[in-house]
Structures are given as structure tokens and as C-alpha cells.
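User: I am new to this structure and would like to learn how to read its features one at a time. Could you take me through them slowly?

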Amino acid sequence: MSKEFKKRILSAIILFPLSFFIILKGSLLFNLFLLVCFIITSFEWHQMSKKKKYHPIGFLFLFFSFFSAYHLRNDFNDLSLIIFLIILFTCISTDIGGYIFGNIFKGPKLTKISPKKTYSGMIGGYILSIITIYIFFNYLYLYNDSIILFTAETFLTVFLISTVSQIGDIIISFFKRLSKIKDTGKLIPGHGGLLDRIDGMIFAFPFSYIIFSLRI
């Protein structure tokens, strides 16, 4: 196991439970957490895109993304937490599935923009995200007395969120290539900047807010 991989695991062990606790608590603590994340990602975007023509557009998009995340967690009453966790787990499992399957099966590259992305990783992202949400639905009764079924519509929703998350990852990789940097920052050992870790999420949140607003 490489030193870099150990750093990734240790960072995840520390940060994921803390973030998960804040998301579960919601309310003012979550809103403050969201604000801090917005400030950090905005600073990282500024550092990597200053003097570029698309610099202000990135800030507007980040604001729209975090604004969507805020409303997803606060605007859907009892379903807010469930919806937010569906998006979160989909994006995380897509990232993990892509990393694991891509490293195991390798194969053809998905795009020149991000050389580490492969078709096997893309498929792995879809597979793990669908399995994760299926398991999540099977244990939802522990939080909500009502049974929520994993339907064909749920499958399609997860597939679309996973797709947007993977596209978001590639888009941020494209901007990093334009800036000739490997990571957006050094905040998280083994992972780079915060923007490196939530690149898929910042695209998945606004997309999800639109589709869930239309459905509910």
C-alpha cells in the first residue's frame, strides 16, 4: 500500500464521519458547514483560474451549486435528509467505484482530458452507486417507518446523478489542465483540495435540485 493511498484512507476516516454527522444534524450547523465549504472551494477556484476569462463564471456556478445544496437539505421537509443522502452516497460511491474498477480492470481511456479515467472506471462508478443506493433503501426503515422501494425510476435517477457527477469530475479536470495543476489545493492529505473531492457533487447538486423539485 502506497504512502499516498494511506493518506487518502486516513483523511477519509476522519472527514467522512464528521461531515456525515453535520449533514444528519442539519439546521444551523449544516448551513455553517456549507458556507465554509463554499468559501474554501471559491478560494481554490480563484487560485486556479485567476486571470482566466471564465474566472467569474466559475464563482457564479459555485454559488448556484451550494445554493442548490442548501435547498436540497432544507426544503423537502421529512424527505430532505433522505434526498441529500441519496445524492451524497451516489457521488461518493461513483467516485470510489470508478477508482477501484479503473485500477483493477484498466482498459481504454475514457477521455484525454483526464488520463486516469477509463471505461471500466465509468462502469464501476455506475455499478457501485446503484448497489449503494439499493442497500441504502433497504435500511431506510431504521430512519423512516414507511418503506421506500427501489424502483425503475430510482434506478434512472441514480444513473443520471452518477452520470452528472462523472461529467463534473471531467470538467474540473479540464480546468485543472488549463491551469497546469494536478490538484486544486493541498487542504486534504492524499486528496488535494476540497474542490478535488467534491468536483462531481457541485454539478450533481443543481441537477438533482431541478429533478427532485419537479418530482415532489
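Analyst: What follows is a short dialogue on helices, their packing, burial and backbone angles.

Analyst: This is a predicted model, in which local features need pLDDT of at least 70 and side-chain atom pairs count only at pLDDT 80 or more, while totals for chains, interfaces and linings use all residues. Residues are numbered from 1 along each chain as its sequence is written, and side-chain values use heavy atoms, with hydrogens and water left out.

User: How many residues does α3 have, and how far does α3 reach from its first C-alpha to its last?

Analyst: Helices here are DSSP runs (H or I, at least four residues), numbered from the N terminus as strands are (E, at least two), and the expected span of a helix is 1.5 Å times one less than its number of residues. Helix α3 has 20 residues and reaches 29 Å, close to the 28 Å expected at 1.5 Å a residue. Helix α6, with 28 residues, reaches 41 Å, which is close to the expected 40 Å.

User: At what angle do α3 and α8 pack?

Analyst: Axes are lines fitted to C-alpha atoms, for helices over the stretch in contact, and angles run from 0 to 180 degrees between N-to-C directions. Angles under 35 degrees count as roughly parallel, over 145 as roughly antiparallel, 65 to 115 as roughly perpendicular and the rest as oblique. Helix α3 (residues 55-74) and helix α8 (residues 201-215) pack at about 55°, with their axes 8 Å apart, and α3 and α8 are therefore oblique to each other.

User: Which residues in α3 meet residues in α8?

Analyst: Contact means heavy atoms within 4.5 Å. On the α3 side the residues include Phe-61, Phe-64, Ser-68 and Leu-72, and on the α8 side they include Met-201, Phe-205, Tyr-209 and Phe-212. The residues of this contact divide into 13 nonpolar, four polar and no charged, where Ala, Val, Leu, Ile, Met, Phe, Trp, Tyr, Cys and Pro count as nonpolar, Asp, Glu, Lys and Arg as charged, and the others, Gly among them, as polar.

User: Is Tyr-209 in α8 buried or exposed?

Analyst: Buried means under 20% relative accessible area, exposed over 50%, and partly exposed in between (1.4 Å probe, protein chains only). Tyr-209 has a relative accessible area of 24%, so Tyr-209 is partly exposed. Leaving aside its neighbours within four places in sequence, Tyr-209 is in contact with Ser-68, His-71, Leu-72, Asp-75 and Phe-76. Among the buried residues in α3 are Ser-68, His-71 and Leu-72.

User: How do the axes of α4 and α5 cross?

Analyst: The axes of helix α4 (residues 80-105) and α5 come within 6 Å and cross at roughly 140°, and that makes α4 oblique to α5. The residues of the contact of α4 with α5 divide into 12 nonpolar, 12 polar and no charged. Ser-120, whose place is in helix α5 (residues 119-138), is buried, with a relative accessible area of 13%. Beyond its neighbours within four places in sequence, Ser-120 is in contact with Phe-101, Gly-102, Phe-105 and Lys-106.

User: Where is Lys-180 found, and what is its phi?

Analyst: Most residues other than glycine have a negative phi. Lys-180 is found in the loop between α6 (152-179) and α7 (194-197), and just after α6 it takes a positive phi of about 60°. At 77% relative accessibility, Lys-180 counts as exposed. Ser-27 also has a positive phi, of about 55°, although it is not a glycine, and Ser-27 lies in helix α2 (residues 27-49).
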